[in-house]
Amino acid sequence: MGTKIKICGITRPKEVTMLIENQVDFAGMVMFYPKSKRNNSIENAKILLKKLSISSIQTVAVTVSPTIEQVMEIQALGFDYIQIHNILSKEVLKEIRLPILKAFHISDLGDYENYQSCSKVFGYVFDSAIPGSGETFDWSILDHIPRDRKLFILAGGLNKDNVEKAVRQLRPDIIDVCTGVEGENGKDALKIKELVNKVNQ
Ligand SMILES: O=C(O)c1ccccc1NCC(=O)[C@H](O)[C@H](O)COP(=O)(O)O
């Protein structure tokens, strides 16, 4: 099976159209994180989710240290997965029903093994120090990560110029791209197309 593609940080209906036209596999929406320029309100997320529901694209709510109330709202919206950066509290882990993609930054990789036996964690997102910054990191630090059956997702500064090398070197299940497919006004149709072509060639 080929490498799947997740485009993160969508905020506009026309970006959903770009994802559908390019047959990407996952769409990520930043939720409850107003510090991000890609943050979505509940109302906007509803609009994007409705538009995505006519496609086979899987939806991911991207969160940072979410509270239990936020997790409940995300579940009610009908996302397929929740991606959690920073803290995944015991309370959230106990109550959550959505499959979790746990994000690790290059500084908290040591945490990774704690989640390997957790049945609610379906995958790991390996990301640079600042999520959504477009910065890459030294991929060799992942060489010694013990692989298991959960999804191995590579993020952080990927774009059309480095994605082939990343796929060859790390064989991720999914590549996750945000800044690398953006122009001045959000996601760029040509950049998405070029990236998808590079991954699928
Ligand atoms: O995009 C954001 O602003 C953001 C903020 C907080 C958490 C996650 C965020 N973005 C999505 C991500 O999980 C990844 O970091 C991203 O897909 C990779 O970003 P990039 O390096 O820009 O490709």
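This report describes one helix and its packing, and then several individual residues, in a predicted model.

## Helix α6 and its surroundings

Helix α6, which covers residues 189–200, consists of twelve residues and spans 16 Å between its first and last C-alpha atoms, close to the 16 Å expected at 1.5 Å a residue. Its buried residues are Ile192, Leu195, Val196 and Val199. When α6 is viewed down its axis, these buried residues fall within an arc of 100°, and they therefore line one face of the helix. On the face turned away from that buried side, α6 carries the exposed residues Leu190 and Asn197.

The cover over the buried residues of α6 comes from elements that include the strands β1 (4–8), β9 (174–177) and β11 (186–187), together with the helices α1 (13–21) and α5.

The pairing with α5 can be described in more detail. Helix α5 runs over residues 163–170, and its axis comes within 9 Å of that of α6, the two crossing at roughly 35°. The crossing of α5 past α6 is right-handed. On the α5 side the contact is formed by Val163, Glu164 and Val167, and on the α6 side by Leu195, Lys198 and Val199. By residue class, this contact between α5 and α6 comprises four nonpolar residues, two charged ones and no polar ones. Leu195 and Val199, which belong to the contact with α5, are also among the buried residues of α6.

## Two residues with positive phi

Most residues other than glycine have a negative phi. Gln23 departs from this pattern, with a positive phi near 50° although it is not a glycine. Phe32, likewise not a glycine, has a positive phi of about 55°. Gln23 lies in the loop between α1 and β2 (26–31), while Phe32 is found in the loop that joins β2 and β3 (39–40). As regards burial, Gln23 is exposed, with 12 other C-beta atoms within 10 Å, whereas Phe32 is buried, with 21 other C-beta atoms within 10 Å.

## Contacts of Lys51, Leu52 and Gly134

Lys51 is placed in helix α2, which comprises residues 42–52, and Leu52 is also in α2. For Lys51, the count of other C-beta atoms within 10 Å is 19, and the residue is partly exposed; because a residue is buried if 20 or more such atoms lie within that distance, a count of 19 does not reach the cut-off. Leu52 has 22 other C-beta atoms within 10 Å and is buried.

With residues up to four places away in sequence not counted, Lys51 touches Pro13 and Val16. Leu52, with its neighbours within four places likewise left aside, is in contact with Val16, Ala27, Ile57 and Thr59. Val16 thus appears among the contacts of both Lys51 and Leu52.

Gly134 lies elsewhere in the chain, in the loop between β7 (121–127) and β8 (151–154). It has 15 C-beta neighbours inside 10 Å and counts as partly exposed. Apart from neighbours within four places in sequence, Gly134 is in contact with Gly157, Thr179 and Gly180.

For each of these three residues, the table gives a separation along the chain and the corresponding C-alpha to C-alpha distance.

| Residue pair | Separation in sequence | C-alpha distance |
|---|---|---|
| Lys51 and Thr17 | 34 residues | 8.3 Å |
| Leu52 and Gln23 | 29 residues | 12 Å |
| Gly134 and Asn162 | 28 residues | 12 Å |

The pair Leu52 and Gln23 links this part of the report to the preceding one, as Gln23 is the exposed residue with a positive phi near 50°.

How values were computed:
Residues numbered from 1 in each chain as written. Predicted model: local features only at pLDDT ≥ 70, side-chain atom pairs only at ≥ 80, totals over all residues. Axes fitted to C-alpha atoms, helices over the stretch in contact; angles between N-to-C directions. Helix = DSSP H or I, 4+ residues; strand = E, 2+ residues; numbered from the N terminus. Left-handed = near helix turned anticlockwise from the far one by under 90°. Contact = placed C-beta atoms within 7 Å. Nonpolar A, V, L, I, M, F, W, Y, C, P; charged D, E, K, R; others polar. Expected span 1.5 Å × (residues − 1). Arc of directions from axis to C-beta.
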